[in-house]
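User: Please take a close look at the charged side chains of this model. Where salt bridges come up, give the partners and their surroundings.

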Amino acid sequence: MKRIRLYRIIPNVLNSNAVLMAFAAGLTFLLVTWIFEFIHTRTQVTFYGILEIHKNNPLLLIFDSLPVFYVVVVYVFERRINKEKILSESRFTELEERMNAMADFAQQIGQGNYQANLNIKNDHDILAESLVHMRDNLIETTRKESDQSWIAAGKDSISNLLRMHNKIDELAKNIIRDLVNYIKAVQGAMYIYNEDKKTLTNIATYAYNRNKHVSQEINVGYGLIGECAYEMDYIYRTEIPDDYFTINSGILGQQKPQSMLLIPLITDEKLQGVMEFASLEDRIPELTIQLLNELGEIIARTIFNLKVTQRTEKLLTESQQMTLELQENEEELRQNAEEMRATQEELQKSNEQLESKILEVENAQKRQYSLLENASEIISIYDENMSMKYVSPSVIKILGFTPEEMMHGKDIDRLTRKGEGSMRSMFTELIEDPEKPVTIQYTYMKQNGQKIFLETTGRNLLHDAAIGGIILNSTDITERKRAEREERLKSKMQALSENSLDLIIRLSTVGQFFYANPVVKNFIGIDPSELINKTLQEISCNEKLLQYFKETIETIKSNPDKTSAELTIPGVIDGAESDRIMQFAAIPEFNESELETILFVGHDITEAKQIELEIQDKNRKIEDSINYAQRIQSSILPEIRQVRELLPKSFIYYKPRDVVSGDFPWFFSHGNDVYIAAVDCTGHGVPGALLSFVGYFLLNNIVDHDRKLSASEICDMLHRGVRKTLKQESQDAEARDGMDIAFCKISHTEKEVQYAGAHRPLYLLRNGELTEFKGNRKAIGGIPHRKKEEEDFTNYVIKYKRGDKIFFFSDGLPDQLGGPESKKYSPKRIREMILENKDLPIEEYNRLFSNDFEQWRGDGKQIDDVLLIGIEF
């Protein structure tokens with residue numbers, strides 16, 4: 001961009017003319033004084049005369065020093081002025097640099113680079129602060145626009161579905177399917193409210209890209225679904241009940257959701273149903289909850305309208321049916337008498353004809369079945385609702401399914417989503433224009449799991465009494481598709497190689513050039529057209545490259561496998577010659593199992609190598625920063641030596657997942673009381689470590705005063721302190737971070753332990769029996785629930801006895817996956833380990849749990865920070 005230049009008007013050198021003028025002025029004044037003195041004393045103008053006048057008038061000595069005095073004064077004055085000019089020059093330069101930096105910053109923001117930084121020396125520049133504030137506002141505006149666009153797109157998609165369907169069951173399946181995929185949940189379900197029974201019925205369930213058939217009826221007020229319907233308000237849970245459903249997947253196995261959301265469908269203050277969504281993520285974004293809440297009323301209004309429409313259609317159909325039945329009954333009574341007589345006469349004749357026709361039909365059916373079984377296409381018949389009525393036996397040979405399996409849903413279940421859409425579109429076109437056949441192509445998964453391409457031609461023969469449906473003729477076109485694809489790939493390969501930035505050469509086994517793309521000229525210096533049909537011995541190029549071609553040809557001739565190598569060779573890029581690092585791949589090409597040619601592809605990785613070195617340097621700096629953070633965190637954590645000074649029989653098993661940890665042991669003594677806690681902050685690594693500093697210093701400040709506080713009161717104050725520090729009590733708060741804690745206050749004078757916990761339990765081992773004290777089902781910190789008043793933490797008081805042992809821990813230990821079935825370590829295993837080793841000295845539990853944890857984890861990755869504290873009295 002154009003740089004800003006401040007024009008300088010101040011010279012930078014000392015003015016020597018002023019010094020000379022000062023000296024001249026002083027000398028002139030001196031001469032005038034001498035002349036006046038010579039005239040006044042009438043002394044002869046000689047050297048001795050000069051001495052005489054100085055002897056008679058000593059003041060002349062002062063005048064003699066005037067030239068030097070003038071020069072010194074002017075010199076000092078000019079030097080001071082020059083310093084001020086140099087200072088002004090430096091200020092102009094700094095101002096120019098600042099203005100250029102702000103101009104560059106403004107230009108980057110104008111070009112859409114909102115990650116640009118403004119680096120200036122003065123941090124209190126109003127213009128600079130305004131530019132940074134403008135950038136932050138633009139980033140926030142962009143984020144909000146993105147959120148609104150996402151919500152609008154979701155609404156548009158569901159609105160289109162609402163307009164397309166007029167049946168509640170079909171509408172519910174499509175809505176749940178689209179919403180589950182749009183919000184990236186793993187399972188969703190819709191329950192319709194039955195006003196007569198006062199129950200909620202499951203009409204659609206969708207999980208892992210498949211519709212599920214679940215028959216379920218729930219009373220209002222029972223369970224989470226019933227509670228959502230009763231309160232007519234959404235329910236968002238991240239603490240899933242133990243009896244809640246699990247999700248089964250062929251890939252992920254059996255898993256319990258980590259978060260769930262229930263949305264009531266309400267219109268005009270009347271309940272129409274409930275939507276349920278489950279996710280394997282720890283939380284469902286606020287934006288997703290906002291979208292589903294807004295869609296709830298829209299979907300409820302549509303369901304209400306469809307219910308009214310269906311009830312009206314049902315009443316009308318019943319009325320028409322009753323009228324027709326009355327008319328038919330009257331006519332039938334009259335005709336029956338006449339038909340009875342005629343039927344008896346014809347019955348005997350019909351029986352004779354029927355026997356002969358049955359024989360003919362049986363023979364025709366055998367011939368037809370044999371033809372259909374060995375046909376190269378599948379013939380199927382559907383009704384207008386896409387329900388299969390018939391499929392030919394050839395389906396066994398072509399798709400691997402029996403006709404009975406196809407009739408029970410395999411015709412649609414094995415289609416892709418796109419294929420199912422194409423099939424539905426074809427049926428729609430056939431019904432709208434019965435005279436016009438429609439042909440589609442789609443993929444289908446056979447019974448053995450192989451994917452094939454089918455081409456299906458549909459004809460509407462609903463009017464044909466013999467068929468009475470829509471007939472589909474399906475043919476396997478997999479081989480045809482493969483041949484077409486190979487032909488397209490050959491054409492594309494030729495075009496791609498001509499326009500590729502890679503060096504591409506095809507050589508015969510004797511080193512003859514069959515093909516070279518234009519890039520070759522940059523490295524060999526010969527036009528590709530001149531290389532064709534020449535051999536390696538006939539060209540002149542870089543010796544290293546030539547030797548590589550020859551050696552690779554010999555290697556592949558003896559062992560025809562793909563090879564790769566890196567070479568540094570000279571090349572001409574953008575008109576400039578430089579050494580380039582090339583990644584070569586040599587690919588053998590065969591013709592009827594015989595090695596015919598070798599394709600050499602050279603990719604320029606010079607820039608990639610440079611980027612790799614830069615990334616390595618950045619990674620090293622990041623690792624240094626994290627290691628420094630680890631030293632800081634380690635310096636504030638208590639050492640077991642300090643803990644054992646006041647709690648001699650104790651241990652701390654502490655194993656961070658990363659270099660720094662979100663879990664930390666906390667220890668403090670005040671007066672006669674000892675405080676110790678296991679704290680588990682949200683997340684792990686650097687984010688968890690940052691939050692751990694908040695918890696550490698808040699706890700220190702809370703307990704370091706004279707007021708006597710119980711364990712629960714300390715947890716309550718920590719809870720409020722975290723919320724205040726993270727500003728979670730404001731209306732627009734988004735930070736849901738917090739921490740779980742197992743907190744103990746130990747008084748040796750009272751011989752008691754006070755315990756309070758947030759999501760974490762405490763185990764007491766006494767006389768061989770284990771007692772569990774459960775913590776409150778809420779975390780420290782987090783955004784408060786706007787509609788429910790929070791309860792204070794529960795304070796447990798335990799009078800300990802000699803030999804009692806207590807254990808408390810973070811969730812990293814029980815949540816670790818491992819073992820022969822890759823299951824969680826679990827609190828149950830912790831309890832069993834304690835009871836099985838109840839006589840073990842408390843210090844030995846550290847080694848016990850450490851060895852068992854490593855054995856359980858095996859080669860698996862540690863999923864969270866691990867912290868376990870044990871104390872014996």
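Analyst: What follows covers the salt bridges, then a charged patch, two backbone outliers and two buried sites.

The model is predicted, so local features are reported at pLDDT of at least 70 and side-chain atom pairs at pLDDT 80 or more, while totals for chains, interfaces and linings use all residues. Residues are numbered from 1 along each chain as its sequence is written, and side-chain values use heavy atoms, with hydrogens and water left out.

Start with the salt bridges. The term means a side-chain nitrogen of Lys or Arg within 4 Å of a carboxyl oxygen of Asp or Glu. The count comes to 27 salt bridges by this rule.

One of them joins Glu589 and Arg506, at 2.7 Å from N to O. This pair links distant parts of the chain: Glu589 sits in strand β18 (residues 576-591) and Arg506 in strand β15 (residues 503-508), 83 residues apart. Helices (H or I, at least four residues) and strands (E, at least two) are DSSP runs, numbered from the N terminus. Arg506 is partly exposed, because its relative accessibility is 25%. For this scale, buried means under 20% relative accessible area, exposed over 50%, and partly exposed in between (1.4 Å probe, protein chains only). The areas themselves come from the Shrake-Rupley method.

Another salt bridge pairs Glu790 with Arg723, at 2.4 Å from N to O. Glu790 lies in the loop between β27 (780-781) and β28 (796-799) and Arg723 in helix α19, so the pair ties together parts that are 67 residues apart in sequence. Glu790 is partly exposed at 34% relative accessibility. Arg723 is buried, with a relative accessible area of 7%.

Glu639 and Arg641 also form a salt bridge, at 3.2 Å from N to O. Glu639 has 44% relative accessibility and counts as partly exposed. Elsewhere, a network of salt bridges links Arg580, Asp604 and Glu607.

Next, the charged patch. Glu325, Glu328, Glu332, Glu338 and Glu339 gather on the surface as a patch of negative charge. Patch residues have over 30% relative accessible area and no salt bridge; like charges are joined within 9 Å, and nonpolar side chains (Val, Leu, Ile, Met, Phe, Trp, Tyr) within 5 Å. Asp and Glu count as negative, Lys and Arg as positive; His and the chain ends are not counted. The charge of a Glu is placed at CD. Glu332 belongs to helix α8 (residues 286-373). Its relative accessibility is 40%, so Glu332 counts as partly exposed.

Two lysines deserve a backbone check. Lys727 is not a glycine, yet it has a positive phi of about 55°. Lys727 lies in the loop between α19 (711-725) and β23 (738-747). At 66% relative accessibility, this lysine is exposed. Lys751, also not a glycine, has a positive phi of about 55°. Lys751 is placed in the loop between β23 and β24 (752-758). Its relative accessible area is 49%, so Lys751 is partly exposed.

Finally, the buried sites. Ser279 is in strand β9 (residues 270-279). A relative accessible area of 7% makes Ser279 buried. Ser279 touches Val186, Pro257, Gln258, Ser259 and Ile284, leaving aside residues up to four places away in sequence. Contact means heavy atoms within 4.5 Å. In helix α10 (residues 403-413), the buried residues are Pro403, Met406, Gly409, Asp411 and Ile412. The buried residues of α10 pack against β10 (377-382), β11 (388-391), α9 (394-399), α11 (417-432) and β12 (438-445).

Key:
Accessible areas come from the Shrake-Rupley method with a 1.4 Å probe; for residues, only the protein chains shown count as cover.
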